[in-house]
Structure formats: C-alpha cells, structure tokens
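Dear colleague,

Please find below the structure I promised to pass on to you. My notes on the ligand and its surroundings follow it.

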Amino acid sequence: MTTVSISTAPAAALRTDAVVIGVAKGPKGLALAPGAEDVALAYDGDLVELLRALGMTGAEGEALRLPAPASAKAGFVLAVGLGDAVDDGPYDAEALRRAAGVAARALSGIDTAAVALPALSVDAVEALTLGSVLGAYAFSAYRASADRTAPVGELLVLTAPEGRTAAVAAVTRAEVIGQELNRARDLVNMPGNDLYPESFSAMVQSVGQTYGLQVEVLDETALADGSFGGIVGVGQGSASPPRLVRIAHTHPEARTHLAFVGKGITYDSGGISLKPVGFNEIMKRDMSGAAAVFAAVVAAARLGLPVNVTGWLALAENMPSGSAVRPGDVLRMYGGRTVEVLNTDAEGRLVLADALVRASEDTPDAIVDVATLTAAMKMALGHRIFGVMSNDDAFRDCVLDAARRAGEEAWPMPLPAQLLTGLASQVADIANSGERMGGGLAAGLFLQEFVPTGLPWAHLDIAGPAFNEGSPYGYTPRGGTGSAVRTLIALAQDAADRPPHAADAGGQR
Ligand code: BES
Ligand code: MN
Ligand code: ZN
C-alpha cells in the first residue's frame, strides 16, 4: 500500500528514487510550477529549455522522466503537467489531484518518491495526497505475483513548515478517503463468481467490526418473512440468494441523520429478459452503488464525523433460471405496493424500491440512492458524469455542490411527472419498464414513488462513470472508479458541519 507523509526538506537534498515536479501551460509556453524551484536550480537554470526540447507543454496528463542533475541525490525527476498555469493564488484542487494521480501511476514499481508539486496550503496537501493514493491504485488480486507491478511505496509531499499539525491531519484524512474509495474499486472489480450477495455481506460484517460500525444482515429467509418482494423477486433466479445489509455509523454529537441506499446487483445478466453478448461482459459493475455506499459509511466512521449515516446495500444477483421472476409477474414490494415486472432487466429499481421504503422507516433527514441504473443515463451523460435527480431542488443543489467540491462531475436531470404514465400497468400499481425514451428519468420517477413525500431525496445514476472501460487518466484507473464515494463523504461532512441545507432552506424545514 502506498503511504504518504510530509516533509519540509528541500527536494534536491532528499535521497529518494524520484522527485516529482509540476509544469504548466503559461502565457509564454511551458512554465515551472511552484515547488520545482529547488530542482530547477540543480539543473543550472536549463530545466525549462530541456523540458521544452523534449516536447512538454504543461498540459494535463503529460508525464516525462528525466535523469536527475548530478548534484541531486534522487534517482530521476518526473515532470507532470498541471494544465493552465495559475499566476496568483492556489492551483485548483482537482488539477492537483489529477497531476498527483498521473505521477503516482508513472511511479508504479518505485519505492520512494518526493512530491515537489505546489503544496502551498493544507487543502493542496490534502488534494495531492488523495490524488496520489487514488492514482497508485492497482487491481492485481487475480494475477500471478510475477506479473504484478507494485504501486509506488512511500511518497513524501514537500510543503512549507506553516501549519504542520493541520497538514498532517489533512494527509490522514485524504488517506482514509483514498483507502475507502479504493476499497469500493476493489469490490467493483471483483468478479461475480467471488463477489455475490453472501460474500459481499460477510465482507461488510468484518469491515464493520474492524471500525466499530453496527451491521445487520437480512438473509433470504428474513427477506421473505419481512415481505421484501422486490429484493426476493430479483434474487430468486440465482443460486446465490439475496441480502439486505444495513451498516450504521452513529455519533453522540450528531444532529443530522443521512441514509445512503446502494444498488448491489453483483451480476446483472438481465434475467429472463436476457442481455445479449456485447452487453453482459462487465455487468459485475452493477453493484457499484452498494460499494460506494459501503465505502462512504466506513469513511464517515473512520473520520469520526459527528453525523449519523445509515447505509443500505440491496444485494442480489439477477439470473435467468426456472425459479427466476418472469416478465408479467407481479411483485408485492416492501410496504405493500405492487409492481408488474415487464422487463426483468429493469431489476435495479426493484431492489432499490424495497430498500428506499425500509430506509425511510428510520426517519432520516435526507436520503440518497446510488445506482448503475440505466443505459439511458450513460448515453445521455457519457463515461465521466453522473446524473442527479431529486424531489427537492435545494437538496439537489447541495448534492451537486458536494460533488463539485469533491472533484466529481455531476449534472442535474429532471423528473418530468408526465413520463410516469409510461410506467402504467394493466394489473399492478406500477410497471417496472415502459416507454424507452427518457429511460433514465423514468427510472428516477419509479424510485420517487417509493420515497415518502416531504423527505428530501436524491438519486445518483452512476451507470456511466462507475466503470472506466477506456484508458486510465488522472487518478482514474481502468475498471471500477469508486464513482460517488467522494460525493457521499462530502455530503456526510456537510451534514456534520451544519444541519441539512440550513444555510439555504430559509426555515422551510
Ligand atoms: N444495470 C443496468 C444498467 C446499465 C447498463 C449500467 C450499462 C451500466 C452499463 C440496468 O439494470 C438495466 O439493465 N437497465 C435497463 C432498463 C430497461 C430494461 C428499462 C436499461 O437501461 O436498458
Ligand atoms: Mn438490468
Ligand atoms: Zn442492473
């Protein structure tokens, strides 16, 4: 595992395998970023010319290794691009996270490195640490050890002596968030033959115990006895029975209670409405919402946030078999409402409906669900942006703002009431699929039917960004990305800092 600490030593004096410096796109071309001064001196002032000659422009994503100058003790220098140069004031936290991520990826297999990127504030130290921990991530559990390249070992973030205690705390905080986000990535990357509802819930129990969280698991018998028709219905076609997991972080000084609900389909074959080849290869990703919720609750506990956070993981495997739910079957959901299953591949909303109703019973102040819910949302927003739908405009803005600050791309999507008519059923209260156009919004409208009126609720459809099918970039690896983890943690942090949107609700609640 990659570890991060801070140091005030000058970069050129450190005996490390590598020193990372930043370059940026200035008005007159390539420019060195703050932090690189010391290293530049050791090159006798020729460093910028050298980097230009080697083709660097300072653009985000660039990384180039240089032999270290003779006077330096480091093995080599790694220059990484920060994008547009910043004249006055700090570099944007996301630019720092991405550059640190690029550096950490370029340093895999290296033991020690000094990070001489612009660490001019405590926030910058936190961003550089988080970017490093996330960029260093590798999923190698299923490879022969000979094929593995170890993540970079030890990173020293070089920073000014001011506020050392705060900087150390920022490093710890970023390490916790990075480790938990990486835990979510591991779960997403784990194949369906090893991660199924029972093994997932066992993992939640053991991690929950480690960090003092309260964990309760409803198994298939308890789910049937409790009338959780959605989770039971989706899970009944699989040889691996479903689970509903509740994981709770409570704090004696909490003034706010948040509920997070995650879609945890450990593999989505589509069921009897089977997905064709070309659409079923990476459906192990379909538990990304549950992984994000799990990681965020554990992070809230490890950070000791003064807020109560209850996570709900709706775990099932969606498989076709003689016992599977059929198109046309009617399920009686938790709480008593009935759903006609017209398409067994619209299973996420079925498990989430049960979990949303159950989560609401604990009377949280707000509820957020996270799900790889629709291909339509992936079509609409692409691979990097998740959609945010809500029954409450002010709360939706809180979620979007938390995402932006956390470095995640999110975009508001509407819940146009007229689309609900597309989900009308001839026999039940509602159908689980219907009109294809606006499918991501219809899914949101379906979920909204299971949220009590007056309870602020947001739905995050992470079908696009949950899994990176392309090349790595910034601190984002191939495969599971940990989408929504940082947004959920930021929401928990915000709720700890102040009651739910107290600042803008104007006494509405
Ligand atoms: N898990 C899928 C959505 C998905 C697709 C996530 C691709 C990530 C990548 C979901 O269960 C699903 O199959 N949704 C259907 C719903 C439809 C049948 C109403 C869809 O979006 O096509
Ligand atoms: Mn599906
Ligand atoms: Zn699904």
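**Ligand 1 and its pocket**

In this predicted model, a polar side-chain atom of D345 lies 2.8 Å from an oxygen atom of ligand 1. Two lysines also approach oxygen atoms of the ligand with a side-chain N or O atom: for K275 the distance is 2.9 Å, and for K263 it is 3.2 Å. Ligand 1 taken alone exposes 520 Å², and the protein buries 82% of that area.

The shell around ligand 1 comprises 18 residues, and K275, D286, D345, E347 and A375 are the closest. By class, nine residues of this shell are charged, five are nonpolar and four are polar. Ligand 1 occupies the space of the largest pocket. Two elements, β10 (257–268) and α11 (375–381), each contribute two or more residues to the shell around the ligand.

The pocket itself may also be of interest to you. The largest pocket holds about 1,200 Å³ of space. Its lining consists of 39 residues, with K275, D345, T374, A375 and A376 nearest the centre. Two or more lining residues come from each of β10, α10 (348–361), α11 and α13 (439–448). Among these elements, α11 gives the most to the lining, with four residues. The lining of the largest pocket divides into 14 nonpolar, 13 charged and 12 polar residues.

K275, D345 and A375 thus appear both among the residues closest to ligand 1 and among those nearest the centre of the largest pocket.

With kind regards

Note on methods
Residues numbered from 1 in each chain as written. Chains lettered and ligands numbered in written order. Predicted model: local features only at pLDDT ≥ 70, side-chain atom pairs only at ≥ 80, totals over all residues. Heavy atoms only, no water. Near = heavy atom within 4 Å. Polar contact = N/O pair within 3.5 Å; in protein donor to acceptor, adjacent residues only side chain to side chain. Areas by Shrake-Rupley, 256 points an atom, 1.4 Å probe, with all protein chains shown as cover. 1 Å grid on protein atoms, 1.4 Å probe; cavity = no way out; pocket = protein on both sides within 12 Å on 5 of 7 lines; lining within 4 Å. Sits in = over half its atoms within 2 Å of the grid points. Nonpolar A, V, L, I, M, F, W, Y, C, P; charged D, E, K, R; others polar. Points joined across faces, edges and corners; volume = space filled by probe spheres on them.
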